[in-house]
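Me: I would like to go through a protein structure with you. Could we begin with a term that I shall need along the way?

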Amino acid sequence: MSHQSELIASDIHSYLKQHENKELLRFLTCGSVDDGKSTLIGRLLHDSKMIYEDQLAAIESDSKKSGTTGEKIDLALLVDGLQAEREQGITIDVAYRYFSTAKRKFIIADTPGHEQYTRNMATGASTCDLAIILIDARHGVQTQTRRHSFIASLLGIRHIVVAVNKMDLVAFDEHRFNDIRTDYLNFSEHLGFGDVTFVPMSALEGDNVVNASTQTPWYQGPTLMNVLENVSIARDVDVTRFRFPVQYVNRPDLNFRGFCGTIAAGVVRPGDPILALPSGRTSTVKSIVTYDGNLQEAFVNQAVTLTLNDEIDISRGDMLVHPDQLPQRGRRFVAKMVWMTDAAMTPGKQYDFKVGVNTSAGVVTHLFNKIDVNTLADLPAEQLALNEIGLCEITLNKEAVFDSYKQNRWTGSFIVIDRLTNVTVGAGMIERVVDGSDRLRPVSDEERERRFGQKPISVILTADKHGDLAAQVERLLFDSGHLSVTVSAADALTAAPYIEAAGAIAIIVGNPGTELPFGIRMDQNDPVAVVEQLLTQGYLR
Ligand SMILES: Nc1nc2c(ncn2[C@@H]2O[C@H](COP(=O)(O)OP(=O)(O)OP(=O)(O)O)[C@@H](O)[C@H]2O)c(=O)[nH]1
């Protein structure tokens with residue numbers, strides 16, 4: 001390889017150590033077909049001297065044969081192997097390429113640019129720090145540009161480089177570049193990016209990719225490589241709220257009990273107080289064990305084993321947190337979901353939801369709308385088809401512990417698994433937990449019809465201390481395919497008109513302090529009897 005450090009020859013161990021300690025930047029490239037994505041990746045590798053001599057010789061001779069780039073070498077050929085496989089129908093959703101410079105290590109997630117590939121882009125982008133959005137200078141901002149930018153923002157990517165490519169075909173015109181920049185900023189201002197950098201370039205000729213161009217004297221900004229090497233990503237991770245999802249409990253003998261996992265956020269030190277969820281039991285950290293010995297401190301992204309000073313019951317799927325920085329918890333939450341399979345997502349159908357390391361059965365209880373990724377408009381929807389994105393309410397069979405995706409990409413995301421085939425069919429980003437008040441809005445006949453069809457819904461009114469009983473009833477109803485909402489005593493009166501408007505059946509558990517003109521009061525000990533009663537009286541089908 002032509003890129004070399006002198007250390008490789010003189011002191012290989014120091015070189016490897018230096019390499020290991022370099023910061024890693026994960027980025028993805030997105031653009032429409034023919035914007036020059038492959039050429040750009042090829043150019044990055046070529047100009048940062050990451051190509052083996054024999055590879056270079058091979059593409060030089062292939063370039064002459066294929067002849068698409070005249071006298072110049074066709075750098076896109078470097079990445080074309082993958083395209084060939086795609087054309088043969090082999091499923092490669094995302095290809096990852098690795099390279100490094102003296103400053104940083106890089107992983108490029110290369111995702112296909114076609115319209116139907118939202119799913120792949122979502123897969124590639126979910127771990128990326130930065131997105132390069134390619135724009136052909138001749139065509140300017142396109143529908144695809146908007147779509148890719150929206151998905152990048154949805155997935156929490158904070159840093160954007162808008163690569164205005166093929167500047168050679170518009171005579172490196174400053175005005176053209178500025179117009180594209182204004183266009184892009186106008187539509188992206190609500191997408192919440194941390195920083196957006198515009199670079200005028202020619203991937204084919206190499207202008208402003210790795211080396212600064214002499215063709216753009218009006219441009220004083222960084223080259224693409226300057227941005228990639230210097231963009232500050234350290235602040236993107238959450239170093240305050242400690243989150244440790246337990247992946248495995250290591251108990252080799254009676255004297256050692258360690259909890260293994262990767263720190264999803266924050267910092268941990270021996271002596272720190274911790275709280276285990278869902279149990280709520282507390283203890284303090286005794287030691288941080290790793291293969292290389294014990295640590296005095298461990299950070300986000302490190303895989304460690306924690307031992308505690310007290311014997312508390314913790315199992316796989318639990319989360320250790322700092323007692324003062326609790327995550328959200330609940331069975332219901334609102335989330336944006338990307339659908340990834342041919343069979344459409346239908347509200348009411350049971351799926352498995354894997355939130356962190358925890359899996360629970362559940363249903364999408366409500367699809368608020370789907371999002372037109374081209375215009376960013378909300379559209380009414382009954383289902384989510386392949387590659388569609390929608391805002392949903394999800395109800396799980398058991399409580400989960402999570403953060404909002406905005407706060408933490410790891411503890412705020414989930415995947416949806418088909419219960420029969422075990423295939424991942426969707427992925428989601430949690431916005432917030434849902435409490436009773438979210439459901440307490442008037443429901444029009446139309447909306448009721450659209451949301452629930454002929455399916456009866458029920459409202460369980462519960463008094464304090466009867467929560468468990470209410471939960472059992474809810475579970476029974478849920479398992480028999482009925483949608484239900486639990487409303488606590490304090491809400492009962494407020495809830496009444498809405499319950500009526502929704503045409504729901506109220507099931508009253510305990511004494512919620514309000515006499516409602518409708519509803520069925522349940523025998524406090526027997527949830528099954530109540531559900532049977534509802535069935536025999538024809539309230540439920
Ligand atoms: N003039 C000029 N042509 C370019 C530039 N970048 C890429 N091209 C040409 O544009 C065409 C498409 O480039 P690719 O790199 O294959 O585009 P792509 O976006 O990877 O396309 P797909 O892989 O099909 O999605 C090729 O003929 C390239 O040689 C550029 O900066 N200037």
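Reply: Certainly. A residue counts as buried if 20 or more other C-beta atoms lie within 10 Å of its own, and as exposed if 12 or fewer do. Please keep in mind that this is a predicted model.

Me: Which residues of α7 are buried, then?
Reply: In α7, these are Gln 144, Thr 145, Arg 147, His 148, Ser 149, Phe 150, Ile 151, Ala 152 and Leu 154. The helix is thus mostly covered, with nine of its twelve residues buried.

Me: How far apart are the ends of α7?
Reply: The end C-alpha atoms of α7, which covers residues 143–154, are 16 Å apart. At 1.5 Å a residue, twelve residues should span 16 Å, so the expected span and the model agree. Just after this helix, Gly 156 takes a positive phi of about 80°.

Me: What about α8, which of its residues are buried?
Reply: Phe 177, Ile 180, Tyr 184 and Ser 188 are buried in α8. Seen down the helix axis, the buried residues fall within an arc of 65°, so they line one face of α8. On the other side, His 175, Thr 182 and Asn 186 are exposed.

Me: What does that buried face pack against?
Reply: The buried residues of α8 pack against α7 and against three strands, β4 (130–136), β5 (159–165) and β6 (195–200).

Me: And how long is α8?
Reply: Helix α8 has 15 residues, 174–188, and its end C-alpha atoms are 21 Å apart. A span of 21 Å is what 1.5 Å a residue should give, so α8 agrees with expectation.

Me: Let us step back. How many helices and strands are there in the chain?
Reply: The protein chain has 14 helices and 27 strands. Of its 541 residues, 41% count as buried. Among contacts between residues at least 6 apart in sequence, 70% join residues at least 24 apart.

Me: How many residues are in the largest nonpolar core?
Reply: That core has 100 residues, and those with the most contacts inside it are Phe 27, Ala 131, Ala 163 and Val 164. Strand β21 (residues 389–402) gives the largest share of this core, seven residues. Apart from it lies another core, of ten residues, including Ala 470, Val 473, Val 509 and Val 530.

Me: What does Phe 27 touch?
Reply: Leaving aside residues up to four places away in sequence, Phe 27 touches Phe 106, Ile 108, Leu 228 and the run Cys 128, Asp 129, Leu 130, Ala 131 and Ile 132.

Me: You mentioned β21. Which strands pair with it?
Reply: Strand β17 (residues 328–339) pairs with β21 in the antiparallel sense over ten bridges, and Gly 390 is the bridge partner of Met 337. Strand β19 (residues 358–371) also runs antiparallel to β21, joined by eight bridges. There, Ile 371 stands opposite Ile 389.

Me: Is Lys 336 buried, exposed or partly exposed?
Reply: Lys 336, which is in strand β17, is partly exposed. The reason is the count of 18 other C-beta atoms within 10 Å of its own, because a residue needs 20 or more to be buried and 12 or fewer to be exposed.

Me: What does Lys 336 touch?
Reply: Not counting residues up to four places away in sequence, Lys 336 touches Leu 154, Ile 389, Leu 391, Gly 428, Met 429 and Glu 431. In addition, Lys 336 and Tyr 405 are 69 residues apart in sequence, with their C-alpha atoms 9.7 Å apart in space.

Me: A different strand now: what does β15 pair with?
Reply: Strand β15 (residues 303–308) pairs with β9 (residues 256–262) in the antiparallel sense over four bridges, with Phe 259 and Leu 306 as bridge partners. Four bridges also join β15 to β12 (residues 282–290), again antiparallel. In that pair, Val 285 stands opposite Leu 308.

Me: Finally, which element has the lowest mean pLDDT, and which the highest?
Reply: Helix α10 (residues 436–439) has the lowest mean, 44, and β5 the highest, 96. Over residues 436–443 the pLDDT is below 50, and this stretch has 15 contacts in the model beyond near neighbours in sequence. Where pLDDT is low, the predicted coordinates should not be read in detail. The chain averages a pLDDT of 79, and 70% of the residues score at least 70.

Methods
Residues are numbered from 1 along each chain as its sequence is written. This is a predicted model: local features need pLDDT of at least 70, side-chain atom pairs count only at pLDDT 80 or more; totals for chains, interfaces and linings use all residues. Helices (H or I, at least four residues) and strands (E, at least two) are DSSP runs, numbered from the N terminus. Two residues are in contact if their C-beta atoms, placed from the backbone, lie within 7 Å. A nonpolar core is a set of buried Ala, Val, Leu, Ile, Met, Phe, Trp, Tyr and Cys residues joined through C-beta atoms within 7 Å. The expected span of a helix is 1.5 Å times one less than its number of residues. The arc is that of the directions from the helix axis to the C-beta atoms. Two strands pair if DSSP finds at least two bridges between them. pLDDT is the predictor's confidence in each residue, from 0 to 100.
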